[in-house]
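Thanks for making time this morning. I would like to walk you through one structure, so please bring it up on your screens and we will go through it together.

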Amino acid sequence: MRKKIFSKDVMEVYRRLFERFGPQGWWPCERAGARGGGRLEIIIGAILTQNTAWNNVEKAIANLRGSGVVSSVRALGAIGSKELSRLIRPSGYYNVKAGRLKNFICFLKRKYGSSLDRLSRLKTDMLRDELLSINGIGPETCDSILLYAFKRPVFVVDAYTRRIFSRHGSFSKDASYDDMQRFFMRAIPASSKLYNEYHALIVRLGKEFCRTNPDCDGCPLWR
DNA sequence: GACCAGGCACATC
DNA sequence: GATGTGCATGGT
């Protein structure tokens, strides 16, 4: 039988995952910062990675870097939609995602004078509502932006989180996003660093075991 | 060639 | 509110 994971076990699960896999080095990473892309690049990555392997997103981001549009909101706003689609082609859904990137840039221009600094002054709840109002930014993308780009202590729930923790009985497999998020945020101290690493470790676990080991052989959560 | 990946919006019932 | 569908590339 799989071990049931209650709220009280969530930190122990984190410790086991960290012990097993170590730090995952997700955003913000030195590489993004050094190239000056930083926060904007993280936001772009969060949108491009929707239902897409990160490997493919990296190719798209490399193209965008080559065109110099990850380093400034103005540059990203100035590029044509067709050209943007072409650059992000490797990340899949390129027409949809080009529209979503443009939606974000239009929102930022209209309401915050194209300034990420101005946007970042909002309190977390308000910032979350603002991001969710943008067409193309749903709960996971929104929370990824809050956590990884703005360093807010918001737990990101994704498909792996649902799959793994519903299998371990923490919540039902059709629990709402908000219910799953509450489960973690009640169990873990509010720390963006902790949430950052935990989400990345869940993704690592999902990739490592859920796909390749349907019987959960060697799963660190197994009892 | 099938299946999957760090989702989301929209139509329909 | 639940369910189904379109969007698309690249790796296994």
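Before I name any residues, one definition: I call a residue near a molecule or strand if its C-beta atom, placed from the backbone, lies within 6 Å of it. Please also keep in mind that what you see is a predicted model.

Let me begin with DNA strand C, where the residues around the strand are N51, T52, A53, N55, N56, R89, P90, G92, Y93, Y94, N95 and V96. Two helices, α4 (54-66) and α7 (94-112), each supply at least two residues of this surface, and the largest share, three residues, comes from α7. By class, the surface near DNA strand C has five nonpolar, six polar and one charged residues.

Turning to DNA strand B, we find 26 residues surrounding the strand, and the closest are Q50, N51, W54, G138 and T141. The elements that give two or more residues to this surface are α10 (139-149) and α13 (192-210), with α10 providing the largest share, six residues. The residues near DNA strand B divide into 12 nonpolar, 10 polar and four charged.

I will finish with α13, which has 19 residues and reaches 26 Å from its first C-alpha to its last, close to the 27 Å expected at 1.5 Å a residue. Which residues of α13 are buried? They are Y195, N196, E197, Y198, H199, L201, I202 and L205, and these buried residues pack against α1 (10-21), α10 and α11 (159-167). So that you can place α10 again, recall that this helix gives six residues to the surface near DNA strand B.

Technical notes
Residues are numbered from 1 along each chain as its sequence is written. Chains are lettered from A and ligands numbered from 1 in the order in which they are written. This is a predicted model: local features need pLDDT of at least 70, side-chain atom pairs count only at pLDDT 80 or more; totals for chains, interfaces and linings use all residues. Helices (H or I, at least four residues) and strands (E, at least two) are DSSP runs, numbered from the N terminus. Ala, Val, Leu, Ile, Met, Phe, Trp, Tyr, Cys and Pro count as nonpolar, Asp, Glu, Lys and Arg as charged, and the others, Gly among them, as polar. The expected span of a helix is 1.5 Å times one less than its number of residues. A residue is buried if 20 or more other C-beta atoms lie within 10 Å of its own, exposed if 12 or fewer, and partly exposed in between; C-beta atoms are placed from the backbone. Two residues are in contact if their C-beta atoms, placed from the backbone, lie within 7 Å.
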